[in-house]
Amino acid sequence: MTSSLLFNITTVAYFAAMVVFIVFLTAKNKAIGFFAILVCWVGFIANTGAIGMRWVEAYAMGYEQAPLSNLYESVVFFSWSILLIYLIFDLKYKQRAIGAFVIPFAFGGMIWAQWSLDATIAPLVPALQSNWLTYHVITCFIGYAAFAMACGVSIMYLIKINKEEKSAEGSPIGGILGMFPSSKVLDDLNYKAIMVGFPMLTLGIITGAAWANYAWGTYWSWDPKETWSLIVWFIYAAFLHARFTRGWVGRRVAWLSIFGFAATIFCYLGVNLVLSGLHSYGG
Amino acid sequence: MSKEKSFTDQLWDFFCSLKLAIIILILLATTSIIGTVIEQNKSPQEYMQSYGMSESTYKALDALQVFDMYHSYWFLSLMGLFAVNLICCSIKRLPRIIKIVREPILVADDGLFRTFPNKGEVVTTGTVESVRDKVVALLGNKFATPVVTEEDGKIYLFSQKGALSRFSVYVTHSSILIIFLGAMIGNVWGYKAYVNIVEGQSISEVWSRAGQVPIPIGFELRCDDFEVTYYEGGSRPKDFTSDLVVLENGKEILKKTIEVNDPLSYKGLTFYQSSYGPAGDPVYRFRVKHRKSGETVTVRGAQGKHLKLPGGSDLIPMGYAESYQSFGPAAQVNIDSGDHAHGTPFIVFKNYPQFDEKRGGAYAISLIDVQQSYYTGLQVAKDPGVWVVWLGCLLIVLGSCSAFFFSHRRIWVSIQPLDKGIGVKLGGNAHRNQPAFALYFDELKKEFDDTLSS
Ligand code: HEM
């Protein structure tokens, strides 16, 4: 069993899960929803195994490094993190329908990695040989994944609330939207996901700063990637304050969450592809 | 009395407002983008060439301090305003929070009960006292030991949990200020510098990056050896290492081999492996056989020098390669046969000492080795504020986790005699995460029903 075979299985599983989620929404059959989650678990296990195999393969080539060393590896790890967060939320809140709006992010990552990113295992340059790299990447990516989840939930919220407001008071909403959780639950899940993501991003920024200090003696140098992570942090801090203390709920915070995720993606990919700086290894 | 607020009150309200906090957060986020789009701290020529700016545009932007924006007056002022806002907001709210925690409302009258998001009522039998004892035991068991107050024949109970979590916001917010403080300490009492040390030599001062002035460090630092290692079969560097020795009054105090991601720290200074380069010319050693006399000698000398050979000619080393095609280390040399007419340069090898025999000149030459000494380039940092920054980071993590996962939960009970039986009212709230508390409260209410109806 090689990592590339397992990565193929992962991609296929995420695609299948997406399809089954859509069938679930239209057929409104609980058993299909259960099957969709099962496919997600298969994909997640394959994804985990693939990352593990890649680790082993790198060691076999004589490179003692965690599989978080280039853009390809970071993207498949991002997909893995999204599934991790989604599955934990599913265990806790049992809101199946969300999968239809969250798994596409994971599938998008996998298909992009498989189709157009360089999958060769290359040794790390000395600047990246540090355990801090592992801590830093893991915390950042769990944060990003929670924000992806919040974004998916916010999109559902915006679709659902329009319908809820149009339909007569009290009458149940039919069709696919009937399968969505209520707008109140979606609003709450958005907030809960950000509550996971925000401390993780905080830890990600701190571990990054600790590493920079250990490697170069400066914990903060206003490098574009650092600055963008701070921008994302400010946006979600504004989100939390607006919610905690000014009582923002509903559409406004849903948009803020979508906007925050757009900034997150720019921080993750845009900075490498568009701007220049110390983190260029990811590009 | 006029309702107009005085100017100072207005100013105070302005600095305390949360609207200001959100606006500042958004302003900081948006203005920070500028410095990620325009590269910082480049020379005027670079801006005018690579961004195609006219000189007047450059001057205007320079006046706005856009080219070093994170240290500009306006950005630092925005940060300052952020800090002032945070401080004022905390000062304004702190007394109220302390009051809530230290002087809780022990007696919940009907008016207060109406405001509780979670409440319940039970009518039971027995005396006020017997019901009180049951409820005290139940609350003590399931939640927290209550404070009991008796007034006008009625009994009021109050119990609370997690009161201290009210202060987690203050921990989070003051940690931001602590980080600012650490950064300021580092800026005022610390510096960033660099130094190059040639292998075998030592230094006792470093060069400030800001002013290019030497700073004495109070001890000596020697570099015994610098080395680059490569990944097998390639030119990808695997590691850069320097063997450093700290000396005080000529005595060796500390030895450490540093590499990228593993610096040396001594007396508040930290030395980071950052660059390297060749120091001086490489020194070659050759074994030379003079064919005519059959004499074999070893000669040694730096690149470009004339090395005397038996028979009157000179050997001139011209360059070398670690790996020439697939033949290993090689040197390019030339022979000056004494009339200053240089011949054609040729290659000699270390691993194939016989190779040069075939050339058929006056000499057969093989390479013994080439020694290149290097200097190691170190970054030097002194930052006495860094521990303050880490303390702030620790507090921000603890504070926000506590702010997210704990809440101040309070439960009030009133017990009063009714016409028939004893009326028990139960109410409660949480200052955060109300849905979770509502679930908890429903459970507790059930316990009440069970205990009091039996
Ligand atoms: C200008 C700066 C800031 C001001 C004036 C401010 C003010 C406030 C206020 C008044 C509260 C509500 C406290 C309460 O509910 O009792 C609050 C809550 C909070 N703030 Fe800030 N804040 C600022 C910046 C930040 C930043 C940058 C963070 C980022 C970590 C942050 C994290 C929090 C958290 C986690 C809470 C929730 C606490 C709770 O639920 O009570 N604040 N902030």
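1. Confidence in chain B first, as this is a predicted model. The weakest stretch of the chain is helix 3 (residues 44-50), with a mean pLDDT of 80, while strand 3 comes out highest at 93. Chain B as a whole averages 87, and 98% of its residues reach 70 or more. For the model overall, ipTM is 0.84 and pTM 0.81.

2. Now helix 5 of chain B, residues 73-102. Its 30 residues cover 43 Å from first C-alpha to last, close to the 44 Å expected at 1.5 Å a residue. Have a look at Leu94(B) all the same: the helix bends there by about 35°, and Pro95(B) follows within four residues.

3. What does this helix pack against? The buried residues of helix 5 of chain B sit against helix 1 (7-16), helix 2 (18-37), strand 3 (154-161) and helix 8 (168-189) of chain B. Among those buried residues are Phe75(B), Phe82(B), Cys88(B), Cys89(B) and Ile97(B), but also Asn85(B) and Ser90(B).

4. On to the cores. The largest nonpolar core has 124 residues, and Phe21(A), Tyr86(A), Ile103(A) and Met149(A) touch the most other members. Its top contributor is helix 5 of chain A (residues 131-166), with 18 residues. Chain B takes part too: domain 1 (7-99) and domain 3 (173-280 + 375-397) each supply at least three residues. A separate core of 22 residues includes Ile155(B), Ile422(B), Val424(B) and Phe437(B).

5. Tyr86(A) is worth a click. Beyond its neighbours within four places in sequence, Tyr86(A) contacts Phe21(A), Ile103(A) and Met149(A), and its other partners include Ile37(A), Cys40(A), Arg96(A) and Gly99(A).

Note on methods. Residues are numbered from 1 along each chain as its sequence is written. Chains are lettered from A and ligands numbered from 1 in the order in which they are written. This is a predicted model: local features need pLDDT of at least 70, side-chain atom pairs count only at pLDDT 80 or more; totals for chains, interfaces and linings use all residues. Side-chain values use heavy atoms; hydrogens and water are left out. A nonpolar core is a set of buried Ala, Val, Leu, Ile, Met, Phe, Trp, Tyr and Cys residues joined through side-chain atoms within 4.5 Å. Buried means under 20% relative accessible area, exposed over 50%, partly exposed in between (1.4 Å probe, protein chains only). Helices (H or I, at least four residues) and strands (E, at least two) are DSSP runs, numbered from the N terminus. Domain bounds come from an automatic or database domain assignment. Contact means heavy atoms within 4.5 Å. The expected span of a helix is 1.5 Å times one less than its number of residues. The bend at a residue is the angle between axes fitted to the seven residues ending there and the seven starting there. pLDDT is the predictor's confidence in each residue, from 0 to 100.
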